[in-house]
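User: Could you take me through a close look at how one pair of helices packs together in this protein? I am new to this, so please go step by step.

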Amino acid sequence: MLPIESSCVLRIGRLAVLGRRLTAHLSASVVLLFMAMTMAFPLTGCTTVSGTGRTQFNFMSREQELSLGAGAYQEELADAKLVTSGPQFDMVKRVTKRVSAAAEKLHPDATKGFTWEFRLIDAPDTINAWALPGGKMAVYTGLFKAAKNEDQLAAVMGHECSHAIGRHGGERMSQQTAAQAIMAGVGVGLSFSEMSPTAQQATMAAFGAGSEYGVLLPFSRHQESEADELGLFIAAEAGYDPREAVELWKNMGSIGGNKPPEWASTHPSDETRQARLAELMPRAMEIWKASKKKSKKDS
Ligand SMILES: [Zn+2]
């Protein structure tokens, strides 16, 4: 298997070859489109993930991701039935506040330009939550079937916002053939609402937003493990007991039925996930204890 850096360089190489082939064989309009795309996505697509240092291939700029994230958020919530008060709402609000502050502390560069927001969606059968670039988060009331307390909710929200911090949506768009529709739109400067329905759907699927089973794609194994790792430390920094993440994933594993791909995904397997969390736990416990000491001092 190629090291990540080499595969990243390889992808850029492939894009360059594609460009040369287009120039040689295709019509002028396609060449112009490709030029627009490469101007919009300069071939400096290797970026580093905050916190893990992993090199990823991502042709989207942070600004483009933030803009698409904001548009996708509006679209996704347009018809949603929202919960705007009550104990569950208060809990999501508290967790969002603490988790977002911790995320900004641990990842100041990666969260630059984020305007954190959350919505609690009334959907008791949907065991799901997601976060878009820019810190736009949504939790479905069904999630409380798996997240049995505030620490477990923090584990989920830490995990979800880590997909945004790790820029997993942009990375996924860069890997997909569906990306062509998005690139064509963004490349010529369209905002989310001006893009074609296909491009809009592909964008939301890549970001992991939405509730309908079958529309979403699971994140890759790499991205899931990375979100577990970053999320564990973010929740601990926010003062939530990291050991509850283990309980959360156990609860998630024991729920049957049609789970959305974010949880139904077979990778990482429950065993792999548990083993990895156990490996990371000593550091998470240190972060948690330091954060508790600090909050005691501050209060
Ligand atoms: Zn995930």
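**Where two helices meet**

Analyst: Let's start with the residues that touch. From α9 come Ser225, Asp228, Glu229, Leu232, Phe233, Ala236 and Glu237, and they meet Arg273, Arg276, Leu277, Leu280, Ala284, Ile287, Trp288 and Ser291 of α12. Sorted by kind, the residues of this contact are 8 nonpolar, 2 polar and 5 charged. Please keep in mind that this is a predicted model.

Now for the geometry. Helix α9 covers residues 221-237 and helix α12 covers residues 270-298; their axes lie 8 Å apart and make an angle of about 25°. Angles under 35 degrees count as roughly parallel, and therefore α9 and α12 are described as roughly parallel to each other. The crossing of α9 past α12 is right-handed.

One residue of this contact deserves a closer look: Glu237, which belongs to helix α9. Is Glu237 buried or exposed? Glu237 counts as buried because 23 C-beta neighbours lie inside 10 Å, and the cut-off for buried is 20 or more. Apart from neighbours within four places in sequence, Glu237 is in contact with Ile287 and Ser291, and also with Ala102, Lys105 and Leu106. Another residue to find on your screen is Arg98: Glu237 and Arg98 are 139 residues apart in sequence, yet their C-alpha atoms are 8.8 Å apart in space.

For a contrast, try Ser85, which sits in the loop between β3 (82-83) and α4 (87-106). Ser85 is exposed, because 9 other C-beta atoms lie within 10 Å and exposed means 12 or fewer. Between the C-alpha atoms of Ser85 and Leu120 the distance is 9.3 Å, although 35 residues separate the two along the chain.

Leu120 leads us to the sheet. In β4, Leu120 stands opposite Val83, and β3 pairs with β4 (residues 117-121) in the antiparallel sense over 2 bridges. These strands are part of an open sheet of 4 strands with mixed pairing, in the order β3-β4-β6-β5. β3 and β5 (129-132) are at the edges with a single partner strand each, so one side of each has no neighbour in the sheet. Helix α5 (residues 150-165) packs on this sheet, where it touches β5 and β6 (136-140), and its direction makes about 30° with that of β5.

Finally, step back to the whole chain. It has 12 helices and 6 strands, and 42% of its 299 residues count as buried. Among contacts with a separation of 6 or more, 73% join residues 24 or more positions apart.

Definitions and conventions: Residues numbered from 1 in each chain as written. Predicted model: local features only at pLDDT ≥ 70, side-chain atom pairs only at ≥ 80, totals over all residues. Axes fitted to C-alpha atoms, helices over the stretch in contact; angles between N-to-C directions. Parallel < 35°, antiparallel > 145°, perpendicular 65-115°, else oblique. Left-handed = near helix turned anticlockwise from the far one by under 90°. Contact = placed C-beta atoms within 7 Å. Nonpolar A, V, L, I, M, F, W, Y, C, P; charged D, E, K, R; others polar. Pairing = 2+ DSSP bridges.
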